[in-house]
Amino acid sequence: MFGDAAAYERFMGRWSARLAPGFLDSVLGDAPGDGPGTVLDVGCGTGNLAAEVLARWPRTHVVAIDPSPPFVAAARERLVPGRARVQVGSALQLPEARGTVDAALALLVLNFLPDPARGATEMRRVTRAGGVVGAAVWDYGGGMAMLRTYWDAAATVHPGAGAVDEALARPARAGGVEALFHGAGLEDVGGGLLEVPMLFETFDDYWDPFLLGIGPAGDFTRELDDGGREALRAELHRRLGDGPVEMTSVARWVRGVVPG
Ligand SMILES: C[S@@+](CC[C@H](N)C(=O)[O-])C[C@H]1O[C@@H](n2cnc3c(N)ncnc32)[C@H](O)[C@@H]1O
């Protein structure tokens, strides 16, 4: 699902890049002028969040980890040498020592972890006392219009779609990430919403990225036979028209502080 960096950028990276500035404002808006010393980007993908951190705070260092070697290669290529260390790794076993980063952030990642509670606990473990743990997850069940439209259409033409709807993941539900952060022992847990306006110039600009096999929706699209895929395309086209397609997608951000 996460193996082709260019395809990821076309499907989701173009939107996560727009989410990153508001996410940083929300979770690290109170950082001192020079910014945090070290930020850990957990599940960095192609590096959209890490790039925003480095551009915003010229003295901040980034450690970025992701299990996908092609994504790590793409992130490494674009991030400032000397201030970024990018490596293959998992949120379930972060390659950092206890209390060594000022902030551990995960943008659009927690819902993909087989054990999100362990991921949250790991993020807390590597963050220093007083440091920030932050995450954002799309509101798959409601406000994430791009994917909500997809899964609603899929459920009408393919009965099996409901069982793999991304809204089912625990971190995707309202209060899900807050519960994980409380469970990890974080304090001052709170959050809010982030909106990303999305403009698809044509219907195909919306549809074609689903053919690239990225994420659960890409996976579902690819697994359909030709007739099933055409039925889904037709249902989405019926709902959205020829385009341009304008929608606003909503993510939830949550932050917590490591107790002293
Ligand atoms: C939707 S992408 C988000 C990537 C990036 N944070 C962004 O906002 O563009 C989800 C990412 O989670 C990563 N991921 C999946 N399992 C993971 C794990 N066990 N630990 C860390 N990251 C993981 C994937 O490789 C992928 O890069």
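The protein contains nine helices and seven strands. The model is predicted. A compact globule of 260 residues would have a radius of gyration near 18 Å, and the protein, with 18 Å, agrees with this expectation. The C-alpha trace spans about 55 × 35 × 30 Å along its principal axes. Of the 260 residues, 47% count as buried. Among contacts between residues at least 6 apart in sequence, 76% join residues at least 24 apart.

The largest nonpolar core has 81 residues, of which Ala 50, Leu 105, Leu 107 and Ala 136 touch the most other members. Helix 1 gives the most to this core, with eleven residues. The surroundings of Ala 136 were examined further. When residues up to four places away in sequence are not counted, Ala 136 touches Leu 19, Phe 23, Leu 107, Leu 108, Leu 194, Ala 251, Arg 252 and Trp 253. Leu 107, one of these contacts, is also among the core residues that touch the most other members.

A shell of 22 residues surrounds the ligand, and Phe 2, Ser 16, Gly 43, Gly 45 and Ala 91 come nearest. By class, this shell comprises 14 nonpolar, seven polar and one charged residues. Helix 1 (5-28) and helix 2 (48-56) each supply at least two residues of the shell. Helix 1 gives the most, with three residues. Helix 1 is thus the element that gives the most to the ligand shell and also to the largest nonpolar core.

Some details of the backbone were also examined. Leu 108, which is not a glycine, has a positive phi of about 60°. This residue is found in the loop between strand 4 (101-107) and helix 4 (116-126). Leu 108 counts as buried because it has 23 C-beta neighbours inside 10 Å, where 20 or more are required. Leu 108 is also one of the residues that Ala 136 touches.

A positive phi occurs in Asp 188 as well, with a value near 50° in a residue other than glycine. Asp 188 lies in strand 6 (residues 187-200). With 11 C-beta neighbours inside 10 Å, Asp 188 counts as exposed, since the limit for this class is 12 or fewer. The two residues with positive phi described here therefore fall into opposite classes, Leu 108 being buried and Asp 188 exposed.

The peptide bond from Gly 243 to Pro 244 is cis, with omega near 0°. Pro 244 is placed in the loop between helix 9 (226-240) and strand 7 (245-257).

Technical notes:
Residues are numbered from 1 along each chain as its sequence is written. This is a predicted model: local features need pLDDT of at least 70, side-chain atom pairs count only at pLDDT 80 or more; totals for chains, interfaces and linings use all residues. A residue is near a molecule or strand if its C-beta atom, placed from the backbone, lies within 6 Å of it. Helices (H or I, at least four residues) and strands (E, at least two) are DSSP runs, numbered from the N terminus. Ala, Val, Leu, Ile, Met, Phe, Trp, Tyr, Cys and Pro count as nonpolar, Asp, Glu, Lys and Arg as charged, and the others, Gly among them, as polar. A nonpolar core is a set of buried Ala, Val, Leu, Ile, Met, Phe, Trp, Tyr and Cys residues joined through C-beta atoms within 7 Å. Two residues are in contact if their C-beta atoms, placed from the backbone, lie within 7 Å. The radius of gyration is taken over C-alpha atoms; the globule rule is 2.2 Å times the number of residues to the power 0.38.
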